[in-house]
Amino acid sequence: MADELFKRGATWNYATMGDVLAGAREDNDWNTKAIDVAVANGWNINEHYEHVGCALVISHVGDTVCLKLADHLLSKGAHPDEGMQTSQNPLELACGAPDRDMVALLLTRGSTLDRAPKALLAAARRGSIEVMQMLLDRGADVNTHPYGKRTLNMYVKSEGWGSALHCAVKGGHVEAVKFLLDKGADREYRNQVGVTALELAKKLGLDEIVRLLESE
């Protein structure tokens with residue numbers, strides 16, 4: 001039926017992609033078959049849909065079935081570094097979930113840290129040491145502080161943004177703070193609003209993290 005509809009001029013859009021995901025949650029095969037039919041009928045798998053993004057971004061909801069869907073999209077030519085209009089990309093979304101399996105898949109399929117500058121910060125916000133280690137193993141800079149034209153204003157003006165250390169403090173993640181300090185995180189770095197990680201911890205009343213940041 002889908003093949004016939006496409007032949008008669010039906011178009012693929014983000015609503016269609018949502019239906020594919022709904023089918024994927026029931027762990028049936030309709031999702032991948034629908035993708036195959038759409039690709040066979042000229043669908044650009046890397047097309048962006050309004051504010052939502054490309055199919056690979058939409059597929060990321062952090063469960064096993066959608067991991068299979070993402071893997072299938074990648075096998076059909078989805079670009080692992082494609083993003084969306086809100087300046088996120090699949091790797092950053094996976095790190096922010098945090099979804100170790102999706103991160104591993106994307107890194108294996110060619111996702112680059114250059115196109116996902118906020119990946120380490122996203123993992124730090126969730127306190128995911130495992131994901132942060134995966135990124136560091138791939139060459140991520142523990143002291144990266146991604147600002148620029150693709151950074152949302154809400155991040156630029158946030159005291160809890162700037163470096164992975166700031167993000168871990170903002171989330172109150174003691175073990176993540178320890179991990180980042182062990183990896184050489186800069187305690188003295190001031191973010192765009194002039195706040196260090198220690199000052200942020202004091203403002204938030206995070207006594208254990210304050211002690212960590214004050215210790216040598």
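**Entry 1: the fold**

Helices here are DSSP runs of H or I with at least four residues, numbered from the N terminus. With that settled, I opened the model, which is a predicted one. I read along the sequence and wrote down the pattern α-α-α-α-α-α-α-α-α-α-α-α-α-α. My tally for the protein chain is 14 helices and zero strands.

Next I looked up burial and contacts for the whole chain. There are 216 residues, and 47% of them count as buried. I also took the contacts with a separation of 6 or more: residues 24 or more positions apart account for 66% of those.

**Entry 2: the core**

Which residues have the most contacts inside the largest nonpolar core? I found L73, L180 and L213, in a core of 67 residues. I then followed L213 outward, leaving aside residues up to four places away in sequence. The residues that L213 touches are L165, V169, V177, L181, R187, A197, L198 and A201. I noted that R187 is on that list along with the leucines, valines and alanines.

**Entry 3: α7 and what covers it**

I picked helix α7, residues 100-108, for a closer look. Its buried residues are M102, V103, L105, L106 and L107. I asked what covers these buried residues of α7. The cover includes α4 (55-59), α5, α6 and α9 (129-137).

I checked both ends too. At the N-terminal end, D99 acts as the cap of α7, with a side-chain oxygen 3.2 Å from the backbone nitrogen of D101. Just after α7 comes G110, and I read a positive phi of about 110 degrees there.

**Entry 4: two helix partners of α7**

I recorded two things for each pair, as packed helices are described by the angle between their axes and the distance between the axes.

I started with α5 and α7. Their axes are 10 Å apart and the packing angle is about 10 degrees. Angles under 35 degrees count as roughly parallel, so I logged α5 as roughly parallel to α7. On the α5 side I listed C66, L67, A70, D71 and L74, and these meet D101, M102, L105 and L106 of α7. Sorting the residues of this contact gave me seven nonpolar, no polar and two charged.

Then I turned to α7 and α9. Their axes come within 10 Å and cross at roughly 10 degrees. These two helices are therefore roughly parallel to each other as well. From α7, the residues R100, V103, A104 and L107 meet E130, V131 and M134 of α9. This contact divides into five nonpolar, no polar and two charged residues.

I compared the two lists for α7. L105 and L106 are among the α7 residues that meet α5, while V103 and L107 are among those that meet α9.

**Entry 5: P98, ahead of α7**

Where does P98 lie? I found P98 in the loop between α6 and α7. The peptide bond from A97 to P98 caught my eye: it is cis, with omega near -20 degrees. P98 has a relative accessible area of 33%, so it is partly exposed.

I also looked for neighbours of P98 farther along the chain. S128 comes 30 residues away in sequence, and the two C-alpha atoms are separated by 6.8 Å. Leaving out residues up to four places away in sequence, P98 touches R126, S128 and V131. V131 has come up already, as one of the α9 residues that α7 meets.

**Entry 6: N89**

Is N89 buried or exposed? N89 is placed in the loop between α5 (64-75) and α6 (90-96). Its relative accessible area is 2%, and buried means under 20%, so N89 is buried.

I then searched for polar partners of the N89 side chain and noted two. A polar atom of that side chain lies 2.9 Å from the backbone nitrogen of E92. The backbone oxygen of R115 lies 3.0 Å from a polar atom of the N89 side chain. Apart from residues up to four places away in sequence, N89 touches D81, E82, G83, R115 and A116.

**Entry 7: S75**

My last stop was S75, which lies in helix α5. S75 is partly exposed, with a relative accessible area of 48%. I found a polar atom of its side chain 2.6 Å from the backbone oxygen of H72. I also logged S75 and R109, which are 34 residues apart in sequence and 9.1 Å apart in space, C-alpha to C-alpha.

Conventions:
Residues numbered from 1 in each chain as written. Predicted model: local features only at pLDDT ≥ 70, side-chain atom pairs only at ≥ 80, totals over all residues. Heavy atoms only, no water. Core = buried A, V, L, I, M, F, W, Y, C linked by side-chain atoms within 4.5 Å. Buried < 20%, exposed > 50% of the residue type's maximum accessible area, 1.4 Å probe, protein only. Contact = heavy atoms within 4.5 Å. Polar contact = N/O pair within 3.5 Å; in protein donor to acceptor, adjacent residues only side chain to side chain. Axes fitted to C-alpha atoms, helices over the stretch in contact; angles between N-to-C directions. Parallel < 35°, antiparallel > 145°, perpendicular 65-115°, else oblique. Nonpolar A, V, L, I, M, F, W, Y, C, P; charged D, E, K, R; others polar.
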